[in-house]
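Colleague: I'm at home at the bench, less so with structure models. Walk me through how to read one, feature by feature.

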Amino acid sequence: MADRLREAVSTYRDRADYLEIRLEQSESTAISFRGDRLDAANRNFSLAGGVRACHKGGWSFVTFNGLDELHDRLEEAISQAKLVGTETTQLAPVEAIEDFVPLELGRDPRGISLAEKRDLVERYNQLLLAYDPRIQTTSSSYRDRFGVTYFVNSAGTCIAQERLDISGGFGAIARGEGGLVRQGYESVHSRSDYNAFVDLEDRVRSAAERAIRQLEAKSVKGGQYTVVLDPYLAGVFIHEAFGHLSEADFVYENPRMQELLQLGKAVAIEQLNVVDDATLNGLPGSLKYDDEGVPAQRKYLIKNGVLTQRLHNRETAGKMNEVPTGNARALSASYPPLVRMTNTAIEPGDRSFTETIADIDEGVYAVRMIGGQTNGEMFTFAAAEGYMIRDGQIAEPVSDVTLTGNVFQTLTDIEAIGNDSVYTNGGCGKGGQSPLPVSVGGPHVRIKDVVVGGR
């Protein structure tokens, strides 16, 4: 396969400034229950690919579903790039690479029947339905996807990478007095082993437990508080509110962001370090090469409070005179690569959780997230759970906890960074490509003067 793609690129390489082919062979399973009904049980096998061409700064992207149409799609991609190209192609240089990246497997989900997988998902779903009469409906899902992606470009790179993603999600919606509705959710992910999906009864039940617990919580009184984020919410915060601002395709097209995000500028307290690390083992965002054939890296977006790096593909690095960071990622070979995060986290500090909350007279402990949005440097997040902090202790549960603020102000309002750290799997959306596997991480983080909205 690699030789055939290499031959196709070499035939057309002189007709454009840059040319690449990505092709993916994959097989996947998807099972879902909604309430007490089986919603879907599918197996799918596919071969799909994309051709990307650049000429005089103009890009085109064309997909194909069979090798017999590859040459026609190459012709089409090159002609389209020439139609839109009017400037200069600026791609940061990278060394040509030839490599095969095999998968290290535990228990292979491809050897397990669809019926066995369905029965397991149904059993977990029944645990949620039976947990409490106030559970009104549930959603339980399982998905596995194994793929081999081939990448060949006109600069001489030829890479084949195997990848497996196994994921499950469990949600419970509870209804209380007066029609009050609350929800809880739990997810699991593995890059190598079906057994990560087995014996999850306690984790599955925790989704229902959180939904019921929030039914019994009173709405928080709106105002400004010292807020402590749990590791999950701290990771989501740094991903959504700051990580997307670090994606260079957003920065180089936005003069205001270029001014706010100058490398070498202090943007946070000195103790804050933020990384995007694709080299960690076994996490959803981990990879050896990105979808432009650039090796994965560990990058400090913020080091000791100072903006140190941003995330690049080859074009943004070339246009901004910086170095590619291995962050060109696509949902599949049927999509063009975009600048995307991998595993993004706040590094742990030196405070225990007890020390973090000890001197808070009245504050809010925000746990997990059920929704939110960002608009430039402004953010709003809704915590899945909340608890009051009173006299240095975790007190009564509260609901309707929404956190609002400016990310740059918030980064300077951090008062303590915990010595614990947790990575959580997730899915990121951008440019119509969702959910791209990523993970978010961090310790407990304490922030002063956060605007908290209640009901």
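**Reading the model**

Modeller: Start with one residue: R298 counts as partly exposed, because its relative accessibility is 40%. On this scale buried means under 20% relative accessible area, exposed means over 50%, and partly exposed lies in between (1.4 Å probe, protein chains only). Bear in mind that this is a predicted model: local features need pLDDT of at least 70 and side-chain atom pairs count only at pLDDT 80 or more, while totals for chains, interfaces and linings use all residues. Residues are numbered from 1 along each chain as its sequence is written, and side-chain values use heavy atoms, with hydrogens and water left out.

Colleague: Which residue forms a salt bridge with R298?

Modeller: Side chains of opposite charge can pair when their charged atoms come close. The rule here is a side-chain nitrogen of Lys or Arg within 4 Å of a carboxyl oxygen of Asp or Glu. R298 does this with E347, with the closest N and O atoms 2.4 Å apart. The two sit in distant parts of the chain, 49 residues apart: R298 is in strand 11, and E347 is in the loop between strand 15 and helix 9 (353-357). Strands and helices are DSSP runs numbered from the N terminus (E, at least two residues, for strands; H or I, at least four, for helices). E347 is buried, since its relative accessible area is 17%.

Colleague: How many salt bridges does the rule give?

Modeller: The count comes to 37. One of them joins E20 to R52, with the closest N and O atoms 2.8 Å apart. That pair also links distant parts of the chain, 32 residues apart, with E20 in strand 1 (residues 18-34) and R52 in strand 2 (residues 37-55). E20 is buried, having a relative accessible area of just 1%, and R52 is buried too, at 7%.

Colleague: And E377: which residue is its salt-bridge partner?

Modeller: R256, and the closest N and O atoms are 2.4 Å apart. They link distant parts of the chain, 121 residues apart: E377 lies in the loop between strand 17 (371-375) and strand 18 (378-382), R256 in helix 7 (residues 255-260). E377 is buried at 12% relative accessible area, whereas R256 is partly exposed at 46%.

Colleague: Next, sheets. In what order do the 6 strands of the open sheet run?

Modeller: Two strands pair if DSSP finds at least two bridges between them. Here the order is 12-11-10-15-24-23, with mixed pairing. Strand 12 (306-307) and strand 23 (422-430) are the edges, each pairing on one side only. Strand 11 (residues 298-303) pairs with strand 12 in the antiparallel sense over 2 bridges, and K303 stands opposite V306 in strand 12.

Colleague: Which helix lies across strand 24?

Modeller: Helix 5 (residues 231-243), which also lies across strand 10 (274-277), strand 11, strand 12, strand 15 and strand 23. It runs at about 125° to strand 24 (433-442). For such angles, axes are lines fitted to C-alpha atoms, for helices over the stretch in contact, and the angle runs from 0 to 180 degrees between N-to-C directions.

Colleague: Within that sheet, what does the side chain of T344 make a polar contact with?

Modeller: With the side chain of D276, at 2.7 Å. A polar contact is a pair of N or O atoms within 3.5 Å; within protein, one must be able to donate a hydrogen and the other to accept it, and residues adjacent in sequence count only if both atoms are side-chain atoms. T344 is found in strand 15 (residues 343-346) and is buried, at 0% relative accessible area. Its contacts (heavy atoms within 4.5 Å), leaving aside neighbours within four places in sequence, include I238, H239, V274 and S439.

Colleague: What does the side chain of N153 reach?

Modeller: The backbone nitrogen of G156, at 3.2 Å. A polar atom of the N153 side chain also lies 3.0 Å from the backbone nitrogen of T157. N153 is in strand 5 (residues 135-153) and is buried, at 2%.

Colleague: Last one: how many disulfides does a search of the whole structure find?

Modeller: 0, going by pairs of cysteine sulfur atoms within 2.5 Å. Among the cysteines, C158 counts as buried at 8% relative accessibility, and C428 is buried at 3%.

Key:
Contact = heavy atoms within 4.5 Å.
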